[in-house]
Amino acid sequence: NGGLRTAGVLEFVTMVMHDDAMQLVSVKAVDAAYPLLGRIVVADADADADGGVVRELRHGPAAGEVWVDERLLPLLGIGIGDRVVVGERELQVAALLVREPDASANLLALGPRLMMSQKDVAAAGVVQPGSRVNFVILYAGDPDNVAAAKAALEGIEQPAERLVDINEAS
């Protein structure tokens with residue numbers, strides 16, 4: 001791998017439910033290596049609540065948990081600790097997602113963000129043939145190694161694939 005670290009991300013849109021409420025969300029399903037650089041910032045209470053604890057983490061949610069955009073709370077009538085249904089999987093809302101180190105303008109972002117572990121995606125059954133999914137592989141390492149990997153991948157990517165480096169990312 002040329003001394004590079006990698007992390008995988010799946011981005012897709014799906015419905016999330018709680019009791020009779022439903023909401024379209026933009027899902028970011030991350031593997032155990034995410035994030036490669038920086039930290040994810042989460043909170044354990046609404047930004048307007050007093051005494052909320054904000055944490056900077058070097059990992060995504062554990063299997064069985066989701067972190068959500070605080071806009072989702074009133075839309076579903078939920079709070080931290082409640083359970084929501086993503087596809088066929090019930091997951092616990094463990095934190096509010098405050099900031100992602102690689103947040104970008106994503107065309108699939110059609111609703112509030114929900115971050116989950118990739119370990120829960122198959123059980124949820126939300127990615128099926130015909131689903132619109134962005135499969136992302138993030139690379140990090142020595143700049144020369146990253147440049148060499150990019151050069152090796154250029155020209156062999158498939159029509160639906162695209163290489164984006166940190167200078168081109170939005």
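Buried means under 20% relative accessible area. Asp69, with a relative accessible area of 15%, is therefore buried in this predicted model.

**Figure 1. Asp69 and Arg71 form a salt bridge.** The closest N and O atoms of Asp69 and Arg71 are 2.8 Å apart. The two partners differ in their surroundings: Asp69 is buried at 15%, whereas Arg71 is partly exposed at 48% relative accessibility. Side chains of opposite charge can pair when their charged atoms come close.

**Figure 2. A salt bridge joins Lys28 and Asp102.** The N to O distance between these two side chains is 2.8 Å. Lys28 belongs to strand β2, and Asp102 to the loop between β7 and β8, so the pair ties together parts that are 74 residues apart in sequence. Lys28 is buried, with a relative accessibility of 1%. Asp102 is partly exposed, with a relative accessible area of 28%. Both residues are also members of a network of salt bridges that includes Glu100 and Arg113. How many salt bridges does the structure hold? There are seven.

**Figure 3. Arg83 and Glu90 pair in a salt bridge.** The closest N and O atoms of Arg83 and Glu90 lie 2.8 Å apart. Arg83 is partly exposed at 38% relative accessibility. Glu90 is partly exposed too, at 42%.

**Figure 4. The largest nonpolar core has 24 residues.** Which residues have the most contacts inside this core? They are Phe12, Val16, Val66, Val68, Leu114 and Met116. The elements that give two or more residues to the core are the strands β1 (5-18), β2 (21-30), β5 (65-68), β6 (83-86), β7 (89-99) and β8 (113-117), together with the helices α1 (72-76) and α2 (121-124). Apart from this core lies another, of 13 residues, among them Val9, Ile40, Trp67 and Ala140. In soluble globular proteins, nonpolar side chains tend to be buried together.

**Figure 5. Val16 and its contacts.** Neighbours within four places in sequence are left aside here. Val16 is then in contact with Ala21, Met22, Gln23 and Val25. Its other contacts are Leu72, Leu76, Val84, Val85, Val86 and Leu114. Val16 is one of the residues with the most contacts inside the largest nonpolar core.

**Figure 6. Thr14 lies in strand β1.** Thr14 counts as buried, at 14% relative accessibility. Leaving aside neighbours within four places in sequence, Thr14 is in contact with Gln23, Leu24, Val25, Val27, Val86 and Val126.

**Figure 7. Leu138 is placed in strand β9 (residues 133-140).** Is Leu138 buried or partly exposed? At 22% relative accessibility, Leu138 counts as partly exposed. Gly8 is 130 residues away along the chain, yet the C-alpha atoms of Leu138 and Gly8 are separated by 6.3 Å. Not counting residues up to four places away in sequence, Leu138 touches Arg5, Thr6, Ala7, Val9, Tyr34, Leu36 and Asp102.

**Figure 8. Asp142 caps the N-terminal end of helix α3.** The helix covers residues 143-153. A side-chain oxygen of Asp142 lies 2.9 Å from the backbone nitrogen of Asp144. Just after α3 comes Gly155, which takes a positive phi of about 90°.

Methods:
Residues numbered from 1 in each chain as written. Predicted model: local features only at pLDDT ≥ 70, side-chain atom pairs only at ≥ 80, totals over all residues. Heavy atoms only, no water. Polar contact = N/O pair within 3.5 Å; in protein donor to acceptor, adjacent residues only side chain to side chain. Helix = DSSP H or I, 4+ residues; strand = E, 2+ residues; numbered from the N terminus. Core = buried A, V, L, I, M, F, W, Y, C linked by side-chain atoms within 4.5 Å. Buried < 20%, exposed > 50% of the residue type's maximum accessible area, 1.4 Å probe, protein only. Contact = heavy atoms within 4.5 Å. Salt bridge = Lys/Arg side-chain N within 4 Å of Asp/Glu carboxyl O.
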